[in-house]
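Got your viewer open? Let's take a short tour, one selection at a time.

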Amino acid sequence: MAVVVWVVEGTWPACVDAARRQAAADADVVLLHVTPSDLPEVAHGAFAGLLGRGHRERDPGTRVEHLAAASAEELLRAAAERLDRPCTPTERTGRVEREVVAAAEDADLLILARDGDRSHLGPHSLGPASRFVVDHAPCPVLLVWPEPAPGLATIPPPPPHPPHHR
């Protein structure tokens, strides 16, 4: 069994805990972190547009890339420690939602956490990237709450029925 665990700042412990509970002891577990490819591009662009024409040595884009890589490495290290079993930490860069779907191509299970409005049950508990992943994943998905789920009373009411026209 191949299991991909999407490791995201703030919600990763719940995903790793779910992998510990759900993945067989002999499963191949991949801890996946994706750094958005536009992160350093935004820093480069802001610097060039506002501050830096002629001063490339002060461009923060490269520093942002290094900080993002160090952060991803630390996050994957912490996730591997929490998992406490053999795993493959994997860092990808690109459009986050597409990289997660691509990484799950040969997986038997993808584990991810809700990342939207988690104060009540309903579709808004998924952010745009997670919604894309859930809709396009090429394998079964285990969607976890990063904290205890809200009660059933938090389900949004149904929309009003439109009046009948005769």
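Here's something to look for as you go: are α4 and α5 roughly parallel or roughly antiparallel to each other? Keep in mind that this is a predicted model.

**Stop 1: the whole chain.** Start by selecting everything and colouring by secondary structure. You should find 5 helices and 5 strands. Follow the chain from the N terminus, and the elements come in the order β-α-β-α-α-β-α-β-α-β.

**Stop 2: the surface.** Switch on a surface view. The chain exposes about 10,200 Å², and carbon and sulfur atoms supply 56% of that. What about the inside? Of the 166 residues in the chain, 34% are buried. Now think about who touches whom: if you take contacts between residues at least 6 apart in sequence, 76% of them join residues at least 24 apart.

**Stop 3: two helices.** Hide the surface and select residues 96–103, which is helix α4, and residues 128–136, which is helix α5. Their axes lie 9 Å apart, and the helices pack at an angle of about 30°. Angles under 35 degrees count as roughly parallel, so that settles the opening question: α4 and α5 are roughly parallel to each other. Turn the view a little and look at how they cross: α4 passes α5 in a right-handed crossing.

**Stop 4: the contact itself.** Show side chains for Glu97, Arg98, Val100 and Val101 on α4, then for Ala129, Phe132, Val133 and His136 on α5; these residues make the contact. Try colouring them by type: you'll get 5 nonpolar, 1 polar and 2 charged.

Technical notes: Residues are numbered from 1 along each chain as its sequence is written. This is a predicted model: local features need pLDDT of at least 70, side-chain atom pairs count only at pLDDT 80 or more; totals for chains, interfaces and linings use all residues. Side-chain values use heavy atoms; hydrogens and water are left out. Axes are lines fitted to C-alpha atoms, for helices over the stretch in contact, and angles run from 0 to 180 degrees between N-to-C directions. Helices (H or I, at least four residues) and strands (E, at least two) are DSSP runs, numbered from the N terminus. Angles under 35 degrees count as roughly parallel, over 145 as roughly antiparallel, 65 to 115 as roughly perpendicular and the rest as oblique. A crossing is left-handed if the near helix is turned anticlockwise from the far one by less than a right angle, and right-handed if clockwise. Contact means heavy atoms within 4.5 Å. Ala, Val, Leu, Ile, Met, Phe, Trp, Tyr, Cys and Pro count as nonpolar, Asp, Glu, Lys and Arg as charged, and the others, Gly among them, as polar. Buried means under 20% relative accessible area, exposed over 50%, partly exposed in between (1.4 Å probe, protein chains only). Accessible areas come from the Shrake-Rupley method with a 1.4 Å probe; for residues, only the protein chains shown count as cover.
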